[in-house]
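Here's a quick tour of charge pairs, cysteines and confidence. Have a look at the structure first, then read on.

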Amino acid sequence: MHIVTKFLLCRKHRSNMGPSKTVSHSRRNIVGCRIEHGWKEQGGITQWKGTVLDQVPVNPALYLIKYDGFDCVYGLELHKDERVLGFRVLPDRVSVSRISDVDLAEMIIGKAVEHMFEKDDDGAKDEWRGMVLARAPIMNTWFYITYEKDPVLYMYQLLEDYREGDLRIMPDSNNDSPPAEREPGEVVDSLVGKQVEYAKEDGSKRTGMVIHQVEAKPSVYFIKFDDDFHIYVYDLVKTS
């Protein structure tokens with residue numbers, strides 16, 4: 001797992017430019033819904049369809065979305081982002097499927113893995129090392145996963161890949177070690193909701209928020225940067 005050493009926790013929440021906006025309490029809960037909208041960029045407007053996976057508790061305006069045809073998870077403030085045009089909820093329902101092997105599904109969570117992808121049409125495969133983070137919400141046969149050479153949040157139907165030999169659990173004893181026992185009444189610090197600052201190699205900085213802590217690996221967090229709609233996955237254990 002990629003260890004990040006360039007993060008700084010911000011002592012104060014960053015003030016947003018312009019008037020603050022609140023999410024209406026009467027607004028429909030769209031988690032689990034199929035949606036579509038336009039996306040405005042300099043090159044024009046593109047159309048997107050997808051499934052809303054989650055609403056982020058520490059920033060209720062932010063939703064996690066799996067768009068059709070894309071493997072990574074996107075984070076967007078669907079009701080506030082001015083680039084989102086013509087947003088609507090579709091009548092389609094997300095199909096519910098049963099996990100074929102519950103024991104295998106539980107066993108791979110939190111494990112370091114090698115995931116094979118086909119490079120080109122010639123059938124050659126490329127190996128990506130990563131970590132299985134959790135079962136994805138709503139789309140219950142899918143799993144959250146991230147990779148060492150691309151630490152953003154992806155989701156795949158990993159049980160199929162495992163059965164086909166394209167997902168291999170790495171023989172690392174550290175992955176099988178139980179979490180440290182806690183003393184009665186011990187409070188475990190979490191970074192969820194904290195503002196972070198990331199120093200890039202060129203000296204510039206990015207700011208963002210820690211939005212989720214991975215239950216299977218408590219030192220691993222999801223981060224949403226202000227200038228990006230991808231969700232980044234970092235092990236923050238060595239950043240203090």
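## A salt bridge across two strands' worth of chain

Let's start with Arg-206 and Asp-228, which form a salt bridge whose closest N and O atoms are 3.3 Å apart. This pair ties together distant parts of the chain: Arg-206 belongs to strand 13 (residues 205-213), while Asp-228 sits in the loop between strand 14 (220-225) and strand 15 (231-235). In sequence, the two are 22 residues apart.

Are these partners buried or exposed? Arg-206 has 12% relative accessibility, so it counts as buried. Asp-228 is buried too, with a relative accessible area of 15%.

Keep in mind that this is a predicted model.

## More charge pairs

The structure holds 12 salt bridges in total. Another one pairs Asp-68 with Arg-34, with 2.8 Å between the closest N and O atoms. Here, too, distant parts of the chain are linked: Asp-68 is in the loop between strand 4 and strand 5 (73-76), Arg-34 is in strand 2 (residues 33-41), and their positions lie 34 residues apart in the numbering. Asp-68 is partly exposed at 38% relative accessible area, whereas Arg-34 is buried at 13%.

Then there's Asp-81 with Arg-83, where the closest N and O atoms are 2.8 Å apart. Asp-81 counts as buried, at 17% relative accessibility; Arg-83, with a relative accessible area of 38%, is partly exposed.

Some salt bridges share partners, and Glu-114, Glu-127, Arg-129 and Arg-168 are joined into one network that way. As a general point, side chains of opposite charge can pair when their charged atoms come close.

## Cysteines

How many disulfides does a search of the whole structure find? The count is 0. Cys-33 is buried, with 12% relative accessibility, and Cys-72 is buried as well, at 8%.

## How far to trust it

Across the chain, pLDDT averages 83, and 79% of the residues score at least 70. Confidence peaks in strand 4 (residues 63-67), with a mean of 98, and bottoms out in strand 1 (residues 7-9), with a mean of 51.

Two stretches deserve a mention. Over residues 1-7 the pLDDT is below 50, and this stretch has 27 contacts in the model beyond near neighbours in sequence. Over residues 9-25, pLDDT stays under 50 as well, and the model has 16 contacts for them beyond four places in sequence.

Conventions: Residues numbered from 1 in each chain as written. Predicted model: local features only at pLDDT ≥ 70, side-chain atom pairs only at ≥ 80, totals over all residues. Heavy atoms only, no water. pLDDT = per-residue confidence, 0-100. Helix = DSSP H or I, 4+ residues; strand = E, 2+ residues; numbered from the N terminus. Contact = heavy atoms within 4.5 Å. Disulfide = S-S within 2.5 Å. Buried < 20%, exposed > 50% of the residue type's maximum accessible area, 1.4 Å probe, protein only. Salt bridge = Lys/Arg side-chain N within 4 Å of Asp/Glu carboxyl O.
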